[in-house]
Amino acid sequence: MPETPNDPTDAFVRVRGANENNLRNVDVDVPRDRIVAFTGVSGSGKSSLAFGTIFTEAQRRYLESVAPYARRLIQQGHDPHVESISGLPPAVALQQRRGAPSSRSSVGTVTTLSNSLRMLFSRAGTFPEGFTTRLDSDAFSPNTAAGACPSAMASASRTPSPRTRWYPIPR
């Protein structure tokens, strides 16, 4: 796919010649650094433009900069059918799905955004003193042994004293 150079002062993501699913040679300029909603009737190409073209290309560019080990942990799509896209910043897309959230669900778990954030935390920034190797993304998950708080794990393994009283949490 030919790319147009990114101009950091350009306030738009410019898509030229999008031909994904039911899109036919669509050209569009989408404002950057704004919340943008694509609206239209069913079958008009909203998802094809947002997810099949713009997000797929942003993810492809991002994955080029990620280590091969990390790439295999991220669900990858196909290359979009588009002539060019310019002004594209890194992007994260929230899944379009309906689930049955549990009482332990959060916005991050229901949308799978937490997986991307854990990957970002494990790869970006500087690590605390004493760490000589990179942390796996599991180190940022409270649902794994690697990510659990050591002091919480220690207190959970202790037997409560007979004087300890447990109170139910009102709902």
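# Questions about a predicted model

Modeller: Let's start with Leu 120, which counts as partly exposed at 41% relative accessibility. Keep in mind as we talk that this is a predicted model.

Biologist: Happy to start there! Which helix holds Leu 120?

Modeller: Partly exposed means a relative accessible area between the buried limit of 20% and the exposed limit of 50%, so Leu 120, at 41%, fits that class. As for its place in the chain, Leu 120 belongs to the helix spanning residues 113-123, which is α4.

Biologist: Which residues form a nonpolar patch on the surface with Leu 120, and what is their accessible area together?

Modeller: Leu 120 has 41% relative accessibility, and a patch takes residues with over 30%, so Leu 120 passes that cut-off. Its partners in the patch are Leu 117, Phe 121 and Phe 140. Together with Leu 120, they have an accessible area of about 330 Å².

Biologist: Nice. Within what arc do the buried residues of α4 fall?

Modeller: The buried residues in α4 are Ser 114, Arg 118, Met 119 and Ser 122. Looking down the axis of α4, you find that its buried residues line one face of the helix, because they fall within an arc of 140°.

Biologist: Let's move to Ser 141, in the loop between α4 and α5 (150-157). Is Ser 141 buried or exposed?

Modeller: The relative accessible area of Ser 141 is 5%, and the limit for this class is under 20%, so the value falls below it. Ser 141 is therefore buried.

Biologist: And which residues does Ser 141 touch, not counting residues up to four places away in sequence?

Modeller: One of them is Arg 118, which is also among the buried residues in α4. With that one included, the residues touched by Ser 141 are Arg 118, Gly 147 and Ala 148.

Biologist: Now the strands. Which residues stand opposite Val 15 in β2 and β3?

Modeller: Strand β1 (residues 12-18) pairs with β2 (residues 26-31) in the antiparallel sense, over five bridges. Three bridges join β1 to β3 (residues 84-86), and these two strands also run antiparallel. Opposite Val 15 stand Val 28 in β2 and Ile 85 in β3.

Biologist: Last one, on the whole chain: what pattern does the protein chain follow along the sequence?

Modeller: The protein chain has five helices and three strands. Among contacts between residues at least 6 apart in sequence, 51% join residues at least 24 apart. Read along the sequence, the pattern is β-β-α-α-β-α-α-α.

Technical notes:
Residues are numbered from 1 along each chain as its sequence is written. This is a predicted model: local features need pLDDT of at least 70, side-chain atom pairs count only at pLDDT 80 or more; totals for chains, interfaces and linings use all residues. Side-chain values use heavy atoms; hydrogens and water are left out. Helices (H or I, at least four residues) and strands (E, at least two) are DSSP runs, numbered from the N terminus. Contact means heavy atoms within 4.5 Å. Patches are made of residues with over 30% relative accessible area and no salt bridge: like charges are joined within 9 Å, nonpolar side chains (Val, Leu, Ile, Met, Phe, Trp, Tyr) within 5 Å. Accessible areas come from the Shrake-Rupley method with a 1.4 Å probe; for residues, only the protein chains shown count as cover. A salt bridge is a side-chain nitrogen of Lys or Arg within 4 Å of a carboxyl oxygen of Asp or Glu. Buried means under 20% relative accessible area, exposed over 50%, partly exposed in between (1.4 Å probe, protein chains only). The arc is that of the directions from the helix axis to the C-beta atoms. Two strands pair if DSSP finds at least two bridges between them.
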